[in-house]
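Open the model in your viewer and keep the selection tool at hand. Each stop below says what to pick and what is there.

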Amino acid sequence: MDFANLVAQLNAGTILPEGIIIATLLLVLVGDLIVGRTSSRWTPYVAIAGLLAAVVALYFQWNNPNSISFLGGFNSDSLSVIFRVIIALSAALTILMSVRYVEQSGTSLAEFLVILLTATLGGMFMAGADELVMTYVSFETLGISSYLLTGYMKRDPRSNEAALKYLLIGASSSAIFLYGISLLYGLSGGETRLTAITANILANNVDQSIGLLIALVFVIAGIAFKIAAVPFHQWTPDVYEGSPTPVVAFLSVGSKSAGFALAIRLLVSAFPAVSEQWHFVLAALAILSMLLGNVVALAQTSMKRLLAYSSIGQAGFVMIGLVLGTEAGYASMIFYLLIYLFMNLGGFACIILFTLRTGTDEISEYSGLYQKDPLLTLCLSVCLLSLGGIPPLAGFFGKLYLFWAGWQAGAYWLVLLGLITSVISIYYYIRVVKMMVVKEPEEMSEAVKNYPAVNWNLPGMRPLQVGVVFALVTTSLAGILSNPLFTLANNAVLLTPMLQPTITTIQPAPNPATPGYADLESETKEAIEG
Amino acid sequence: MEFIYQYAWLIPVLPLAGAMLIGMGLVSYGKTVNKFRQGSSVFIVSLIGAAMVFSFALLWSQIQGHPPYNRIIEWAAAGDFHLTMGYTIDHLTSLMLVIVTTVAFLVMIYTDGYMAHDPGYVRFYAYLSLFSSSMLGLVISPNLVQVYIFWELVGMCSYLLIGFWYDRKAAADACQKAFVTNRVGDFGLLLGILALYWATGSFEFNEIGDRLQELVQSGSLSVGLASLFAILVFLGPVAKSAQFPLHVWLPDAMEGPTPISALIHAATMVAAGVFLIARMFPLFEGLPDAMNIIAWTGAFTAFLGASIAITQNDIKKGLAYSTMSQLGYMVMAMGAGAYGAGLFHLMTHAYFKAMLFLGSGSVIHGMESVVGHDPVFAQDMRLMGGLRKYMPATAITFLIGTLAISGIPPFAGFWSKDEILGSTFEVNPILWAIGWLTAGITAFYMFRMYFMTFEGEFRGKNDSIKNQLKNEQLQRLGLAFGPGAMNSKELTTDVPELHDHEAHEGHHSDTPHESPATMTLPLILLAIPSILIGLVGTPFANYFEAFIHPPGEEAIAGFPPLEIPAEFEWTEFLVMGGSSVGIALIGITLASLMYLSFKIDPGAIAKTSQPLYNLSLNKWYIDDIYNAVFVKGSRRLARQVLEVDVRIVDGIVNLAGLVTLITGEGLKYLENGRAQFYALIVFGAVLGLVLISGIT
């Protein structure tokens, strides 16, 4: 069998974006080996170009009728496309903000990029994995590269400690996850393709067995570790505190999005028999995450830890969309992740910038920053306010859609809790904004008093500036001009066959007769046809 | 012609672009841009000029019978909820576009002379342009949401411009007062918009009216509720058009530079309220209760404003109350169903009131060279007098404006006011009587103003009057701040010369001088419509009415109207017109007896009817009542809330802090940094979840 034939049979075109990233990765690696340290001048841009090229390639995968590839191992439906876009974009933004950071720490940039690209690759494969082995391999690819990234600051003991802890907890939860999918494998009579598992389970008549339930909980535990849902979140504060900030940014957006992609695919296609149970478990995790994430964030004094806990809370909000099981629920979740990508990474970019200039990330050190660096203050304020859901910023519209979908689906308590906790979250976000803006000059902190002159011409600062400004613009405008993103998120759900039967047969929408819901559906369909 | 409609969005965008460009320049390269005074003003003026030409083309095309043009794009959609943006060009819009652009254009030319020595010259032009853009955007809005957006924008511009001299305390207070008062109305408007959306599912003007009628007729919505919604919407115009009880901000708004008073607080923005009523006319029309409330509010405001204007000595305050009174006329006309008449008065008033304000600005400008840059002296009519000799162009144009507002034929104001009074009489004679009486008072106070300013002897060098004015001012301040709050010596050194005009040559001349050509030219240009524009709406050949009519009605007579409609009754017109001219003449005669030939001593009249005089002088004590009820009341409330805050909320917060501390302490044991312990929790959680989900 010749190569072209093989490619056609495997439908390998679907992993073209990943192929591009692998090529970029090799280019960076080999280029660095040949040229040496001076390669750091061009490697980040090559990596970003590769990621953007992958995004372009993904654009052409949109609504691909022949999405199954590798004999059922990989599925490139619209759902996976949109998640892969999110992951690739988050990696690109992370690179923008890490150039200066890594340079300043005196470690090699190319290696960092290679590991980050590997992690991205793992995440992207995870978003499309349609088979148990594939799922586990990509899960571990993402995991192991994340451990490496966490420990990247070799000389910093905190970074080492974080990496070790992350590795240990990660290993134990991945063991649980592996156990879960092996149970699934057994129950389905030796089937690894997610789509075939349900049929086999039903055929084997084990859909009421406790084994399936245990498999479900184990799998959820593995995923919850990735998305840092309470009570599987314990690693986050330590790891976020210790690891390099760009890595934290990537973990909180890219890695989480991959986790969510896996959650949708695995739970919807492999566990319809116990859908009631998985909705219940996830609802519990969502409630715990929203409560604990937002309440504990109140007491934080370090900006990094604050964002760590807030990202736990944010994951709780996103899980609302997952729990609903309606089309609008999934769409709102994707929409929120799209917005979260920009606002959270924007926030991290600002923190990195501040840390680079002052060497600290204590919240109290931010006081009076407005006097010295208005751009940074503006961007950080916009991103934080957007995270808190203040209109008319993007985050408000994201939350609005999530809660609206929840209300439509009848999840009143979840929405109510979401509202209450997002009010709590506004408090700690605004506290930082107030600290930066309101303070009189004499109340300025030491760090701000010694603030260096703003100089964007230092090597590696330009990309950071680009990242900050890009996040600022998107976060402020994506809400008002949210229609394209909104349509994108809706179409991603509507064009995904996997999510369609769930809605009509297994998990009927609680209130399909509601006019708003029906209209939304028909309208979005029109939009697709039109 | 089609292409001018396709590019009609340029009308608001052009001034916006100008404002943005200059604004950006000021923010980033303040010093350099501030030096480009002529350059920026010519730039901004030519942009608004282009918009004006565009508007005239649109008006001409509409007169030629072009059908209304709509252009809508979808802005946001969620489910069955659609938000659209766009613009609509119909008769009403094209007329308003022309009014706004012409007045704005002339005011901007005038500004060059008036603000010539102000350090904020360029900033002022940027604001002016931003305001024009918002106002034009408001006029072309096709739906309520967009109207609301621009409504807030013009409000914001008004705030910025009233407080333009933000280093003057009075200006800073006034802009806040305007803003807060407008908030009250805007909140009502917002509630009204939302309620109407709830009831009808639409933000489009016509759809709302039609659907609401249907709902009311089918009985699914009670008339009372529909009227309530209409009145909520009407609260917006009440605040913006300075109707009782939300009129208090307009006189204070005169702290802003005079071109602003002319453009925003006389000709355009305050008319936005009337414009909105016109836009929402299909809604109000079917609700007699709402119409009655509108008509009575208007009538009362008209009378209130006129009665206060009688005793005002500050020339701008006098004009401000007169504006309020004239706006009352327009609102009354709307409430009486006289759609065309109200808008006709809006148009004529825009021109002659803009001219009067610009004239007063010219007077103040002239006075400042004698008495210095203290608004207490420069704006007080008791120090003026005899100015006609020194500033003839200003005096003649001011006289034309005075005649127009007093309703003397053939000046513009006569035709519009007569039409309002005529249509009101058919609806309710009591309303007519109030309007008629007000017309007399209007003529009286306007001629009082004219005589005090331009006739008689010049009193600008009279020190005893100056001292008296200073004392009065200190007294007022003392009242406002409470006795002993401030050392009076501080005040005397504090008040004058707050904004820097020191470079102004001829500071201490003995006589006022005529203003430069950039100021008199707009006055003369505005005088032309003030005289002639009324002729388009004469009762025997009413071109205006044929052009502007409610959306639901067909034109009364075809367009252009035939010679004289057969049913036109000369006798009725003569009786109506004659009676209003008659009372105006009585007013003028009284004014001339009291302030020109001094046959009657106004002071004596004031003494004999002391309570009435005080009522008028103190603006019916409305400000004091508001101060006692709302300002003090809300302060008291704030104090109580503070108590609650300190005791209960802080208590809860402290408790929460304590809880967080305790949980934090507890969590410390959970977050103890030992990885094996974390793994234990993971396994424990897995076990727990299995158990819980297994049981349920």
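Select B:C175 first. Is this cysteine buried or exposed? B:C175 has a relative accessible area of 7%. The cut-off for buried is under 20%, so B:C175 counts as buried. Keep in mind throughout that this is a predicted model.

**Cysteines**

Stay with sulfur and widen the search. How many disulfides does the whole structure hold? Over all chains, the search finds zero. Now pick A:C379, which is in no disulfide. Its nearest cysteine sulfur belongs to A:C350, 3.3 Å away. A disulfide requires sulfur atoms within 2.5 Å, so the pair A:C379 and A:C350 does not qualify. A:C379 is also buried, because its relative accessibility is 0%.

**Chain A as a whole**

Colour chain A by secondary structure. The tally is 23 helices and two strands. Chain A has 530 residues, and 63% of them count as buried. About 18,300 Å² of chain A is exposed, with 67% of that supplied by carbon and sulfur atoms. Take the contacts in chain A between residues at least 6 apart in sequence: 80% of these join residues at least 24 apart.

Recolour chain A by pLDDT. The mean is 86. Residues at 70 or more make up 94% of the chain. Where does pLDDT stay under 50? Select residues 502-530 of chain A: pLDDT is under 50 throughout that stretch. The model still gives residues 502-530 48 contacts beyond four places in sequence.

**Chain B as a whole**

Switch to chain B. Here you will find 31 helices and four strands. Of its 696 residues, 56% are buried. The accessible surface of chain B is about 28,700 Å², and carbon and sulfur atoms account for 68% of it. Contacts between residues at least 6 apart in sequence can be split again: in chain B, 80% join residues at least 24 apart.

**Helix 6 of chain B**

Select residues 121-140 of chain B, which form helix 6, and find B:S133 within it. B:S133 is buried, because its relative accessibility is 5%. Which residues touch this serine, apart from neighbours within four places in sequence? Show B:P12, B:P15 and B:L16: B:S133 is in contact with these three.

**Helix 10 of chain B**

Next, select residues 223-240 of chain B. This is helix 10, with 18 residues. From first C-alpha to last, helix 10 spans 26 Å, close to the 26 Å expected at 1.5 Å a residue. Now colour helix 10 by accessibility. Its buried residues include B:A226, B:S227, B:F229 and B:A230. Further along, B:L232, B:V233 and B:F234 are among the buried positions too. So are B:G236, B:P237, B:V238, B:A239 and B:K240. Step past the end of helix 10 to B:A242, where phi is positive, near 55 degrees.

**Helix 21 of chain B**

Finish at residues 412-427 of chain B. These make up helix 21, and B:W415 lies in it. B:W415 counts as buried, because its relative accessibility is 8%. What surrounds this tryptophan, setting aside neighbours within four places in sequence? Show side chains for B:F344, B:P410 and B:F573, which are among its contacts. Then add B:G534, B:L535, B:G537, B:T538, B:P539 and B:F540, also in contact with B:W415. Draw a C-alpha to C-alpha distance from B:W415 to B:G537. The viewer should give 6.7 Å, for residues 122 apart in sequence.

Conventions. Residues are numbered from 1 along each chain as its sequence is written. Chains are lettered from A and ligands numbered from 1 in the order in which they are written. Side-chain values use heavy atoms; hydrogens and water are left out. Buried means under 20% relative accessible area, exposed over 50%, partly exposed in between (1.4 Å probe, protein chains only). Contact means heavy atoms within 4.5 Å. The expected span of a helix is 1.5 Å times one less than its number of residues. Accessible areas come from the Shrake-Rupley method with a 1.4 Å probe; for residues, only the protein chains shown count as cover. pLDDT is the predictor's confidence in each residue, from 0 to 100.
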